[in-house]
Amino acid sequence: MSTTATPRIELRGITKIYPSVVANKDVSLTALPGEIHAVLGENGAGKSTLMKIIYGVVKPDAGEVLWEGTPVVVHNPAHARELGIGMVFQHFSLFETLTVVENVALGLPGNPPLGPLAQRITEVSQKYGLPVDPRRLVHSLSVGERQRVEIIRCLLVNPRLLIMDEPTSVLTPQAVRKLFETLRQLAAEGCTILYISHKLDEIQELCTNATVLRAGQVTGHCDPRKETPKSMARMMIGKDLPHPQHVAATPGEPLLALAGLERKSPDPFGVSLEDVNLTVRAGEIVGIAGVSGNGQQELLSAISGEAPVRDRKAIVLCGVNVGRMRPGRRRRLGFCFVPEERLGRGAVPRMSLADNALLTAHRYGYVRRGLIRFAQIAEFAQKCITEFTVKCGGPQAEAKSLSGGNLQKFIVGREILLKPKVLVVAQPTWGVDVGAAAFIRQKIIDLRNEGVAILVLSEELDELFEVSDRLAVIAKGRLSPAKPIRETNVEEIGVWMSGMWPGAPGAAGALPPSVEERHAAQA
Amino acid sequence: MRLKLEARPEPSRLMGYLSPLLAAALTVVAGFILFSALGKNPVQAFYTFFVHPIRDLNGVTELLLKASPLMLIGVGLACGYRANVWNIGAEGQLILGAIFAGGVALAFHDSDSKFALALMFLAGALGGMLWAAIPALLRTRFNTNEILVSLMLVYVASLLLSWLVHEPWRDPEGFNFPQSKQFSEGALYPILVEGTRLNLGFLVALGAVAIGYVFLNRSFLGFQLRVAGLAPDAARYAGFNAHRMVWLGMLISGGCAGIAGMGEVAGPIGQLLPSVSPGYGFAAIIVAFVGRLHPVGILLASLLMSLLYLGGEAAQMGLALPSAMTGLFQGLLLFFLLGSDVFINYRVRVVRPVPPLAQHAVAA
């Protein structure tokens with residue numbers, strides 16, 4: 001660390017304690033002007049809390065913040081912006097029914113005239129390579145474009161510190177590269193960037209300095225350029241990573257088939273499914289990639305039966321037309337499903353693990369004459385806890401009391417132990433620590449080797465390339481053809497993620513491609 | 001130094017049990033102040049209100065008699081409330097149960113058939129369910145709010161009963177009073193304790209508590225109701241039919257209320273009158289919540305609520321206080337319960353400002 005320059009921001013001994021968890025304990029961090037500084041850690045390591053403290057959203061219980069050498073107490077986000085701190089949150093705060101310039105105006109003090117503001121937005125967007133039309137309505141923008149709006153909104157006030165909270169989780173690989181160019185340009189102009197992520201390859205590519213957090217405490221500093229992802233992972237989780245075993249598949253008969261699946265979204269800003277075709281055979285894993293919000297939720301609830309479709313032949317499960325069937329009847333055919341939301345959908349937060357096992361296991365002899373067989377279901381829950389190494393207080397522990405990763409292991413375990421013929425898993429390892437993620441992927445692969453047809457939806461391309469036999473992409477409610485994993489690569493899937501696969505309406509030139517697509521096509 | 005209400009990491013089980021007791025204690029304290037303000041000797045007033053009514057066998061049987069419909073309806077409501085099906089119209093369903101049962105009783109007036117009572121029981125349940133089916137149908141078909149619909153139907157039911165006893169079912173020998181004929185012996189619940197009014201209805205209510213306990217805590221259907229209430233998305237994910245849960249919750253609570261209505265006209269009243277219930281259907285809502293939507297809790301809460309009814313009557317006679325006292329105490333109890341319930345999910349913490357020195361100590 002240089003001793004000549006005054007650090008742009010310095011944190012000393014920051015501690016924040018929530019009723020149930022210590023989010024930050026004695027955390028110190030120093031970032032110099034022009035530095036792209038990574039804050040690295042698993043989900044729940046305390047990264048976001050630390051950033052919210054800097055941005056004035058959360059007050060620390062102890063410790064101090066030095067802004068350009070002087071101690072400050074950041075009262076609220078408005079105060080942070082006054083100081084010159086900007087933050088782009090993981091979840092955007094834009095009004096879909098307003099235009100870009102109207103959204104930006106809402107975040108600025110006073111009542112700025114829209115004409116000149118639009119002019120400035122265009123200037124900033126050109127200067128930093130963030131093309132966005134200020135007159136467009138936000139709901140018509142892609143996720144990448146929305147993120148640009150959020151970044152431009154920060155840049156308008158010339159920040160000297162920009163905080164980016166997991167910015168790439170919603171972007172295609174090509175859009176990620178564009179973002180990195182912008183961030184490097186900003187850093188070259190002297191802006192400090194705090195970059196939060198758990199994606200090690202990105203950090204290695206972008207950042208010049210890193211602070212690693214584990215369980216709320218700093219476990220190390222490093223220069224990512226001099227580290228390997230493996231060595232950083234060790235700092236992050238405290239041990240080496242297991243790697244899943246993957247042998248060639250021998251697919252059998254088709255067990256899940258989608259044929260011309262369509263559904264109009266009742267929500268004007270929702271995604272309608274159009275002509276979705278897919279076949280998943282016994283003993284293979286088909287992955288579906290895509291930027292979130294491109295119809296994944298709609299597709300999943302159509303397959304699971306939570307939102308049945310009109311055409312009963314559009315979904316064929318184990319040879320039965322199930323399009324109009326409710327979830328219970330589909331499950332009776334051997335269908336199991338791990339949804340993206342664990343608390344409230346995959347599990348009832350305020351019920352015990354035994355009760356939560358009953359939620360989907362009740363068909364397998366755990367109810368007799370209408371009464372629950374408590375001893376047997378507790379035994380099943382215990383088996384799931386043991387086999388999937390779920391850290392918890394036993395079958396009677398409330399689902400809510402488990403960490404996200406452990407609950408995910410329990411839900412995946414429950415569905416796998418029900419011996420499905422077809423298993424659909426959404427975001428199998430979202431928010432799960434790296435060790436547990438590898439474990440879950442291995443279990444999914446093992447299940448495939450036993451002849452189960454498996455469909456995995458994920459936003460993590462690495463994960464899909466690791467587990468899938470074939471890979472398809474969902475974009476704007478349409479599904480690409482599924483390609484064997486050996487015949488494709490991250491670049492091609494990245495292009496497909498913006499809806500540009502051969503034969504897609506956008507690619508054929510039927511629709512004018514959005515700004516994002518043009519960039520994707522150039523890349 | 002200031003007080004801060006902060007969320008507990010998880011709801012306190014202890015407070016879940018303590019809260020109704022705390023509410024009861026606070027109600028007593030508020031009552032104490034109230035009696036004093038009214039110029040009554042609070043100790044004597046309390047004796048009149050809470051002890052005098054149950055000082056002898058007759059008093060105790062009256063307590064159980066009035067507790068019967070409360071626990072019966074309360075258990076039924078709890079089944080719905082567990083599933084987030086908010087039936088507020090148990091009073092109307094009770095009235096319909098009384099009308100249906102009364103209709104059967106009047107039809108059997110000149111017969112001494114042994115089936116009269118059983119038929120009345122079924123008719124009462126059917127009447128209550130029918131009335132509850134209206135909000136259930138409207139909610140599942142048109143997504144209306146069952147709170148509003150079931151509540152408004154109370155007034156429809158009440159006017160329907162009023163019309164029946166004024167017009168078609170009026171006793172021709174009743175000196176033009178708006179009331180039906182007295183039911184025959186075969187259409188009345190048998191008396192349990194000779195010389196009192198305590199009847200078979202009490203055992204019916206106890207039976208409902210037992211069945212309710214098994215249903216809610218042991219049966220898979222009860223489990224589905226609870227899941228639907230706690231996490232509707234999880235219920236849909238698991239394949240539980242949401243509409244079926246609404247129907248189940250409404251029909252069970254409506255049926256119980258209807259049986260309670262039948263019990264009133266086949267028990268202490270013995271005929272149809274323009275009013276067959278002193279608001280049992282509404283009081284049972286409080287009973288269900290004070291009893292934590294748990295059948296055993298409801299059993300205890302119904303005894304407390306019944307005592308409030310008796311105490312209110314005693315206060316009218318012994319202390320010359322208005323009958324509104326009963327409603328007032330019911331309201332106080334619910335108010336304090338909801339207030340105490342805050343502490344199930346929250347706790348009070350004393351916040352001391354951190355002295356600046358301490359911050360530096362941590363930094364160093």
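How far apart should the end C-alpha atoms of helix α5 of chain A be, given its 13 residues at 1.5 Å a residue? The helix covers residues 143–155 of chain A, and its expected span is 18 Å. In this predicted model, the end C-alpha atoms are 18 Å apart, which agrees with that expectation.

The surroundings of this helix come next. Twelve of the 13 residues of α5(A) are buried, so the helix is largely enclosed by the rest of the structure. The buried residues include charged side chains such as A:Glu145, A:Arg146, A:Arg148, A:Glu150 and A:Arg153. Also among them are A:Val149, A:Ile151, A:Ile152, A:Cys154 and A:Leu155.

From the helix we turn to the nonpolar interior. The largest nonpolar core has 267 residues, and B:Ile73, B:Met120 and B:Val287 have the most contacts inside it. Helix α3 of chain B, residues 57–82, gives the largest share of this core, with 13 residues. Chain A takes part as well: domain 1 (9–237) and domain 2 (254–334 + 420–522) of chain A each provide at least three residues of the core.

B:Val287 can be followed further. Beyond its neighbours within four places in sequence, B:Val287 is in contact with B:Leu70, B:Met71 and B:Gly74, and also with B:Ile298, B:Ala301, B:Ser302 and B:Met305.

The last stop is where the two chains meet. Here 24 residues of chain B are in contact with 32 residues of chain A. On the chain B side, at least two residues come from each of β1 (2–7), α8 (220–230), α9 (232–238) and α14 (356–363). By class, that side of chain B has 14 nonpolar, six charged and four polar residues.

Technical notes. Residues numbered from 1 in each chain as written. Chains lettered and ligands numbered in written order. Predicted model: local features only at pLDDT ≥ 70, side-chain atom pairs only at ≥ 80, totals over all residues. Helix = DSSP H or I, 4+ residues; strand = E, 2+ residues; numbered from the N terminus. Expected span 1.5 Å × (residues − 1). Buried ≥ 20, exposed ≤ 12 C-beta atoms within 10 Å, placed from the backbone. Core = buried A, V, L, I, M, F, W, Y, C linked by C-beta atoms within 7 Å. Domains from an automatic or database assignment. Contact = placed C-beta atoms within 7 Å.
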